[in-house]
Amino acid sequence: MRAILAGAGALPGLLLEVEMAYVVQFKGVVINRHKSPPIKARFEQLGKLFDDLRAKDVQEVCLAGAMGRPSLDPVAFDPFTAARMPMLMQAMGQGDDALLRAIVGVIEGEGFTVVGAHDIRPDLVVSAGLIAGVQVAAADAARARAVLDALGPLDVGQGAVAAKGQVLGIETLQGTNALLDFVGRTMPKSGGIFAKRPKAGQDLRVDMPAIGPDTIRKVAEAGLSGIEIAPGEVMILDRPAVEAACAETGVNLWAGP
């Protein structure tokens, strides 16, 4: 049996379309409603969560959906979590990738197997090629891609925008929407390219980048002409809606190189 540690957004629901699984909702995390009541959990009480999952014969765990860094109440720590918190806090200070690797280590240390959302829904990733429209501004796409490749080892962002050879913005902790809002305000109608791809060495089981129809609309509002995603390493959430949004807005989308 599997359990989905659910965050916000469409991804947990997309997994449940093809998978019978328990849904875990952490305190303070808003998730979409699902058919069955979720298992309630707290970040401060991981020991209890793992006991609850074992009681339901869960062997595999999938982390799916957007989830920010929580505010923790030390008074609420159970002994299991309290013993591991120094290690987790140290990892948190090293960046998101280090923190996620530490969390995966804790989960696997309790005997669970961590699986990726793309393992459950391989149809959410695509091979290299055109998805919607035409491939445009190859030099700008290459420029944005090169920036991400250079910054990946520093654990900075999964997206960058370039236009006419200039870098207009880089995705940081604030996320994709903040990047696109900034580009739209400061360089409107640039016609640039938004590149989306994972960081070097990123564990795609727990943090594979994703785009959806809202991303397409945000790119259009920012005055960009296209999106390049990494083939096999970026999920497309609701592909028919994404393709419809591209047709509606004129945004071009492809996977490559």
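In this predicted model, the largest nonpolar core holds 45 residues, and Val24, Phe26 and Leu53 are the members that touch the most others. Helix H4 (residues 96–109) supplies the largest share of this core, with 5 residues. The surroundings of Val24 give a good view of the packing. Once neighbours within four places in sequence are set aside, Val24 is in contact with Ala3, Ile4, Leu5 and Ala6, with Ile39 and Ala41, and with Leu49 and Leu53. A separate core of 26 residues lies apart from the 45-residue one, and its members include Leu180, Ile211, Ile216 and Ala245.

The sheet comes next. Five strands make up an open sheet with parallel pairing, arranged in the order S3-S2-S1-S4-S5. Its edges are formed by strand S3 (39–41) and strand S5 (113–114), each of which pairs on one side only. Strand S2 (residues 21–26) runs parallel to S3 and is joined to S3 by 3 bridges. One bridge can be placed at residue level: Gln25 has Lys40 in S3 as its bridge partner. Helix H2 (residues 46–55) packs on this sheet, where it touches strand S1 (2–6), S2, S3 and strand S4 (60–64), and the direction of H2 makes about 165° with that of S2.

Helix H2 deserves a closer look. Its buried residues are Leu46, Gly47, Leu49, Phe50 and Leu53. Viewed down the axis of H2, these residues fall within an arc of 160°, so they line one face of the helix. The cover over them includes the strands S1, S2, S3 and S4, together with helix H3 (79–92) and H4. Two residues of this buried set, Leu49 and Leu53, also appear among the contacts of Val24. Just after H2, Asp57 adopts a positive phi of about 60°.

A comparable description can be given for helix H7 (residues 176–186), in which Thr176, Leu179, Leu180 and Val183 are buried. These residues cover an arc of only 90° around the axis, which puts them on the same side of H7. Strand S7 (159–163), strand S8 (166–170), strand S9 (193–196) and helix H9 (213–221) are included in what covers them. Leu180, buried in H7, is also one of the members of the 26-residue core.

Some individual positions complete the picture. Glu19 sits in the loop between helix H1 (11–16) and S2. Is this acidic side chain's residue buried or exposed? Glu19 has a relative accessible area of 19%, and because the limit for burial is under 20%, Glu19 counts as buried. Beyond residues up to four places away in sequence, Glu19 touches Arg2 and Ile120. Within H1 itself lies Gly13. With a relative accessible area of 24%, Gly13 is partly exposed. Gly13 and Gly65 stand 52 residues apart in sequence, while their C-alpha atoms are 9.4 Å apart in space.

Turning to the cysteines, Cys62 has a relative accessibility of 1% and therefore counts as buried. Cys246, at 3% relative accessibility, counts as buried too. The structure holds 0 disulfides.

How values were computed. Residues numbered from 1 in each chain as written. Predicted model: local features only at pLDDT ≥ 70, side-chain atom pairs only at ≥ 80, totals over all residues. Heavy atoms only, no water. Disulfide = S-S within 2.5 Å. Buried < 20%, exposed > 50% of the residue type's maximum accessible area, 1.4 Å probe, protein only. Pairing = 2+ DSSP bridges. Helix = DSSP H or I, 4+ residues; strand = E, 2+ residues; numbered from the N terminus. Contact = heavy atoms within 4.5 Å. Axes fitted to C-alpha atoms, helices over the stretch in contact; angles between N-to-C directions. Core = buried A, V, L, I, M, F, W, Y, C linked by side-chain atoms within 4.5 Å. Arc of directions from axis to C-beta.
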